[in-house]
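Hi,

Here is the structure I promised to pass on. Have a look at it first, and my notes follow underneath.

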Amino acid sequence: MPGCPALLTPAHAERIETRLRSARDDELAELLWKLRRRRKVAVQPRAALQQARELELVESSPDTPLRLTPLGAKVSDSLIEYAYWKQRGRRHHWSEEVPALRVESLRGKRILEVGSGAGVNLLSLQRCAEVVGLDLEPLYLQFTEILARLEGVPTPTRVCGVAERLPFQDESFDVALFHGSLPYMRIQHALCETARVLRPGGSAIAIQSDLWQTLGIRVRQRGWNLLSPGVFLREARAAAGMLAYPWMGRVLLEPFAPVHVTGQQMRRWLAQAGLRVNARETCRVSHEVCCVAQKPAAGRDVRVQE
Ligand SMILES: C[S@@+](CC[C@H](N)C(=O)[O-])C[C@H]1O[C@@H](n2cnc3c(N)ncnc32)[C@H](O)[C@@H]1O
């Protein structure tokens, strides 16, 4: 993100941590969330606004309305994840709804979260498993450390790197988890790398919405705004970019835009990577699909289950 420091200085990180220790941290997260979603901030919680300004997370001038700084955008992502995590009882995403993500299914496993962001899933999963978080954004990884300190728990192991070239040995994990992160990656490459680092019998668990769900959601969200030429063109470009992605890659997509593919395409790529879809464990959760695929145990053939 242009203009955003890769890392917070130790002094800045300490100031943010000190602010978050105050009881008003959720107000700060809410303010940043509204600005992130470009919602109007009519009645501003004064303390939160002052904190956000002091921490260089928001800016405004006589001519421009209040908005997030590039640093504020990243910090807001982390604080929003943290606020949701606390709201769901400090549990990892879908830990109750998806059988493959239940604590009993993951206990004692070596888990890699690919695209771990601020690391809230890691904070929960490390209670029952050995976890490693990987993300390309050093600032998010730094936030995992801040959140762990706030929670008074050990800082999970984090590695800065990319999913398309995982800096881990072959067959070194039992589970690779993608929570909402696969759409930001070069999907085929990330899946091949996942297959490489999984042990025979290990599982890849990927949660995201599929192409048709995503397009439906976007149309519903835009509603009548779709009649405005600017919005229509943007949405048409995003839809065309996603439809063409399997053949053209990210050529038609905005940089960093998420890409969603059909379930069928996903199964094809999983099979090509050497992973076998587990139809029994794959399920829908809310507006997303949790796709579970296994690396066959040594000596077994690779076949896709439709
Ligand atoms: C939507 S966030 C999900 C964060 C986390 N999994 C969660 O559930 O809170 C997606 C994350 O994937 C990371 N990411 C995107 N592309 C990546 C890549 N190619 N390699 C590694 N991480 C990536 C982003 O930096 C971001 O932190």
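Before the domains, one definition: the bounds I use for them come from an automatic or database domain assignment. Also keep in mind that this is a predicted model.

With that said, the protein chain splits into domain 1 (10-87), domain 2 (99-210 + 261-294) and domain 3 (212-248). Between the C-alpha centres of domain 1 and domain 2 there are 28 Å. Their contact involves 11 residues from domain 1 and 11 residues from domain 2. On the domain 1 side, α1 (10-21) and α4 (70-87) each bring at least two residues, and α4 gives the most, with six residues. By class, that side of domain 1 has five nonpolar, one polar and five charged residues.

Now the ligand, which I guess you will want to open early. Its shell has 20 residues, and the closest are G115, G117, H179, S181 and Y184. Eight of the shell residues are nonpolar, eight are polar and four are charged. As for secondary structure, α6 (120-125) and β4 (130-135) each supply at least two residues of the shell.

Next, the strands. Try starting from β6 (residues 173-179), where six of the seven residues are buried. On one side β6 has β3 (residues 110-114) as a parallel partner, joined by three bridges; there I111 is bridged to V175 of β6. β6 also pairs with β7 (residues 198-208), again parallel, over six bridges, and A176 has A204 of β7 as its bridge partner.

From β7 you can carry on to β10, since the listing of pairs continues there. β7 and β10 are antiparallel and share six bridges, with I207 bridged to C290 in β10. Like β6, strand β10 (residues 288-294) is mostly covered, with six of its seven residues buried. Two more strands pair with β10 in the antiparallel sense: β8 (residues 276-277) over two bridges and β9 (residues 283-285) over three bridges. In the β8 pair, R276 is bridged to Q294, while in the β9 pair V285 stands opposite E288. β9 and β10 make a hairpin with two residues between them, and S286 in that turn has a positive phi of about 50°.

What about the core? The largest nonpolar core has 73 residues, and L32, A176 and I205 have the most contacts inside it. Helix α7 (residues 138-151) gives the most to this core, with six residues. If you pick I205 and skip its neighbours within four places in sequence, its contacts are A100, L101, V175, L177, C290 and V292.

One last residue to click on is I187, which lies in helix α8 (residues 187-197). Is I187 buried or exposed? I187 counts as buried because 26 other C-beta atoms lie within 10 Å, and the cut-off for buried is 20 or more. Not counting residues up to four places away in sequence, I187 touches L182, V261 and W269. By contrast, I187 and L150 are 37 residues apart along the chain, and their C-alpha atoms are separated by 34 Å.

Over to you, and have fun with it.

Cheers

How values were computed: Residues are numbered from 1 along each chain as its sequence is written. This is a predicted model: local features need pLDDT of at least 70, side-chain atom pairs count only at pLDDT 80 or more; totals for chains, interfaces and linings use all residues. A residue is near a molecule or strand if its C-beta atom, placed from the backbone, lies within 6 Å of it. Helices (H or I, at least four residues) and strands (E, at least two) are DSSP runs, numbered from the N terminus. Ala, Val, Leu, Ile, Met, Phe, Trp, Tyr, Cys and Pro count as nonpolar, Asp, Glu, Lys and Arg as charged, and the others, Gly among them, as polar. Two residues are in contact if their C-beta atoms, placed from the backbone, lie within 7 Å. A nonpolar core is a set of buried Ala, Val, Leu, Ile, Met, Phe, Trp, Tyr and Cys residues joined through C-beta atoms within 7 Å. A residue is buried if 20 or more other C-beta atoms lie within 10 Å of its own, exposed if 12 or fewer, and partly exposed in between; C-beta atoms are placed from the backbone. Two strands pair if DSSP finds at least two bridges between them.
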